[in-house]
Amino acid sequence: MPAESGTTLLPPAPAGDPMVPRPVRVESVRRETRDTVTMDLRALDGEGLVFAPGQFTMLQAFGVGEVPISISGDPARPDLLTHTVRDVGGVTGSLCRVEPGDLLGVRGAFGRGWGVEDGRGGDVVVVAGGIGLAPLRPVVLAVLAERAAYGRVSVLYGARSPAEMLFTDELDTWTAAGLDVHVIVDVADRSWTGRVGVVTELLPDAAFDPDRTLGLVCGPELMMRYAAAALTDRGVEPGRVRVSVERNMRCGIGLCGHCQLRGHLVCVDGPVFELDRIGPLLTVREL
Ligand SMILES: Cc1cc2nc3c(=O)[nH]c(=O)nc-3n(C[C@H](O)[C@H](O)[C@H](O)COP(=O)(O)OP(=O)(O)OC[C@H]3O[C@@H](n4cnc5c(N)ncnc54)[C@H](O)[C@@H]3O)c2cc1C
């Protein structure tokens, strides 16, 4: 099922054959946590990779495999492709061991993004759990680039522990730039003086007008269900609450059907869906 034309979530079409990976060179690697790294990649052909916040690429470790990874970089910097990868298995493990100078393959950008521009003129609430902050970082950067176009913008971020928080060096910068950033951890350590609990507990701290709010949620599915419900309980319309769904994927372009979720193909109809389109399916693992 192709993405509907005319919707603001429709991404720019990738150039060239979408099944042929473009070679990219690893420019830099930053360790975020024990099992997660952020890498900046530059295409060997010198062409940038234009993307919308929320889109993903199929990232290939040559000779190992290819996996979908969200773009976590700045949409205003198409010259630099940034990915944040958590080591959970064969391909992501290999990707997390790359070093500057290594070559990887990239297909994309693919999928429907967050459509953050739909939040212009109103408030935006970003709710992220764990590595879910990675696909939302481009939203934050897009909002900061046009701060005056948005009303109150809250970033609510929950991590398992202080050691597992991503982008820690940026959170204060986002606050200084006029975002309302709240952080919570499931389990504190001795250094932690902040909130302890689950991310939905931060929602009462967020000031927003539900009639003109866009809610963007990414994290484990259970967390997304509760966070999305908390937003609609506060009066945000389900059509203005969006979640990013992960399913096993192969082609990334709607050909193979691997990521089918009832009537949707997550790779082309998502990964970002409005709650009123996907809500009941959030409990369905694979079909
Ligand atoms: C649209 C989309 C965007 C994504 N963005 C990111 C991202 O920005 N950063 C990132 O690190 N990962 C992201 N993922 C998840 C990533 O694609 C998987 O972790 C990866 O495919 C696992 O492959 P593997 O070969 O490393 O592990 P495998 O050997 O295939 O699996 C190892 C273990 O991980 C589990 N696993 C497999 N897929 C997933 C998954 N999707 N989520 C959680 N556990 C899984 C398996 O059940 C198994 O237990 C995204 C997935 C999708 C669909």
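**Exercise 1. In this predicted model, find how far a polar side-chain atom of T92 lies from an oxygen atom of the ligand.**

Solution. Start at the T92 side chain: one of its polar atoms sits 2.5 Å from a ligand oxygen. Now move to the backbone. A polar backbone atom of P68 is 2.7 Å from an oxygen atom of the ligand. For G89, a backbone N or O atom comes in at 3.5 Å from a ligand oxygen. Then look at cover: on its own the ligand exposes 890 Å², and the protein buries 68% of that.

**Exercise 2. Work out which elements give two or more residues to the shell around the ligand.**

Solution. Go through the elements and you end up with β4 (65–70), β5 (81–86) and α1 (90–96). Next, pick out the biggest contributor: β4 supplies the largest share, 4 residues. Step back to the whole shell, and you have 19 residues around the ligand, with P68, T84, R86, T92 and E246 the closest. Finally, sort the shell by class: 10 residues are nonpolar, 6 polar and 3 charged.

**Exercise 3. Decide whether L44 is buried, partly exposed or exposed, and say which surface patch includes L44.**

Solution. First, place the residue: L44 is in the loop between β2 (36–43) and β3 (56–61). Second, check its accessibility. Partly exposed covers the range between 20% and 50% relative accessible area. L44 has 41% relative accessibility, so L44 counts as partly exposed. Third, look at the patch: L44 joins F62 and L103 in making a nonpolar surface patch of about 270 Å².

How values were computed:
Residues are numbered from 1 along each chain as its sequence is written. This is a predicted model: local features need pLDDT of at least 70, side-chain atom pairs count only at pLDDT 80 or more; totals for chains, interfaces and linings use all residues. Side-chain values use heavy atoms; hydrogens and water are left out. Patches are made of residues with over 30% relative accessible area and no salt bridge: like charges are joined within 9 Å, nonpolar side chains (Val, Leu, Ile, Met, Phe, Trp, Tyr) within 5 Å. Accessible areas come from the Shrake-Rupley method with a 1.4 Å probe; for residues, only the protein chains shown count as cover. A salt bridge is a side-chain nitrogen of Lys or Arg within 4 Å of a carboxyl oxygen of Asp or Glu. Buried means under 20% relative accessible area, exposed over 50%, partly exposed in between (1.4 Å probe, protein chains only). A residue is near a molecule or strand if one of its heavy atoms lies within 4 Å of it. A polar contact is a pair of N or O atoms within 3.5 Å; within protein, one must be able to donate a hydrogen and the other to accept it, and residues adjacent in sequence count only if both atoms are side-chain atoms. Ala, Val, Leu, Ile, Met, Phe, Trp, Tyr, Cys and Pro count as nonpolar, Asp, Glu, Lys and Arg as charged, and the others, Gly among them, as polar.
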